[in-house]
Amino acid sequence: MFCCECEPQVIPSELGKQLSSQLRCIMFGHLLMSLLYFIGVFVLTAFFELFFALMVYITYRTYNFCNLVLYKWILIFSIISSFANLGLSIQFHSYYYNSNGRLHVYKLIIFSIALIFYCTALLIAYRSYKEFKALAITSPAAPGALDYEPPQMYDGGEQEDIDPRSAPPPPRQNNPRFPGRGVQLG
C-alpha cells in the first residue's frame with residue numbers, strides 16, 4: 001500500500017502489535033475522513049487527511065515513535081479546529097446556512113465526526129508513542145538502542161569495579177566567580 005515497503009526498526013512486543021493494528025484503523029479513519037471532506041467540498045482538508053493517513057501508515061509499519069510526535073501535534077490542532085467550527089455553528093447560526101436558508105447539516109455532521117475521531121486518534125497515538133519509544137530504547141535491533149559495554153583499560157586488562165563513594169574527592173580548584181567557602185550538604 002502507498003508504494004512503500006517499510007520494515008520495522010524494532011522487534012515489536014505484543015502491546016506494540018496491538019497498537020500497530022489500532023494505528024492501521026486510524027489510518028483507514030483518515031482515508032474515510034478524506035472522502036467525507038472531498039464530498040463536503042473541503043478539498044484542501046481532504047488532501048491533508050491523505051497526508052495524515054500516509055504518516056500513520058509509515059508509523060505503524062516501522063514502529064517509529066518520532067512520527068507520532070508530529071502526528072500528536074497535528075491532532076491537537078485538528079481538535080481545536082473542529083471544536084472551533086462546531087462553536088461557530090452554535091454561535092452564528094448563519095455560518096451553516098446556504099443562500100436558500102437551508103441548514104448545511106452535512107457540515108455539522110462532518111465536524112462532529114471529526115472531533116470524536118481526532119480525540120480517539122490522539123489517545124491511541126499517545127499510547128503508541130509510549131510503547132514505540134520504549135521499544136526503540138530497549139530493543140537490540142533499534143539503530144539508536146543503548147548498547148553499553150564497560151570501558152577497557154589501556155593495557156587490555158579488565159577495569160576494576162570502584163565504588164564511587166570510596167573514591168577520593170576531586171582536588172579543589174580556585175573559582176574566581178565564587179571566592180567564599182562552600183558547605184558540603186549530606
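Trainee: How far apart are the end C-alpha atoms of α2?
Mentor: Helices (H or I, at least four residues) and strands (E, at least two) are DSSP runs, numbered from the N terminus. The expected span of a helix is 1.5 Å times one less than its number of residues, so the 20 residues of α2 should span 28 Å. The distance between the end C-alpha atoms agrees with this, at 29 Å.

Trainee: What kind of model is this?
Mentor: Residues are numbered from 1 along each chain as its sequence is written, and side-chain values use heavy atoms, leaving out hydrogens and water. Local features need pLDDT of at least 70 and side-chain atom pairs count only at pLDDT 80 or more, while totals for chains, interfaces and linings use all residues, because this is a predicted model.

Trainee: Which pattern does the protein chain follow along the sequence?
Mentor: Start by counting elements: the protein chain has four helices and zero strands. Read along the sequence, that gives α-α-α-α.

Trainee: What covers the buried residues of α2?
Mentor: Buried means under 20% relative accessible area, exposed over 50%, and partly exposed in between (1.4 Å probe, protein chains only). In α2, the buried residues include Phe52, Val56 and Tyr60. Their cover includes α1, α3 and α4.

Trainee: Which helix supplies the largest share of the largest nonpolar core?
Mentor: A nonpolar core is a set of buried Ala, Val, Leu, Ile, Met, Phe, Trp, Tyr and Cys residues joined through side-chain atoms within 4.5 Å. The largest one has 35 residues, and Ile26 is among those with the most contacts inside it. Helices α1, α2, α3 and α4 each supply at least two of its residues. The largest share, 13 residues, comes from α4.

Trainee: Leaving aside neighbours within four places in sequence, which residues is Ile26 in contact with?
Mentor: Contact means heavy atoms within 4.5 Å. With those neighbours left aside, the partners of Ile26 are Val56, Tyr71, Phe117, Ala121 and Ile124.

Trainee: Is Val69 buried or partly exposed?
Mentor: Val69 is in helix α3. Its relative accessible area is 33%, so Val69 is partly exposed.

Trainee: What percentage of the exposed area of the protein chain do carbon and sulfur atoms supply?
Mentor: Accessible areas come from the Shrake-Rupley method with a 1.4 Å probe; for residues, only the protein chains shown count as cover. The protein chain exposes about 13400 Å². The share supplied by carbon and sulfur atoms is 63%.
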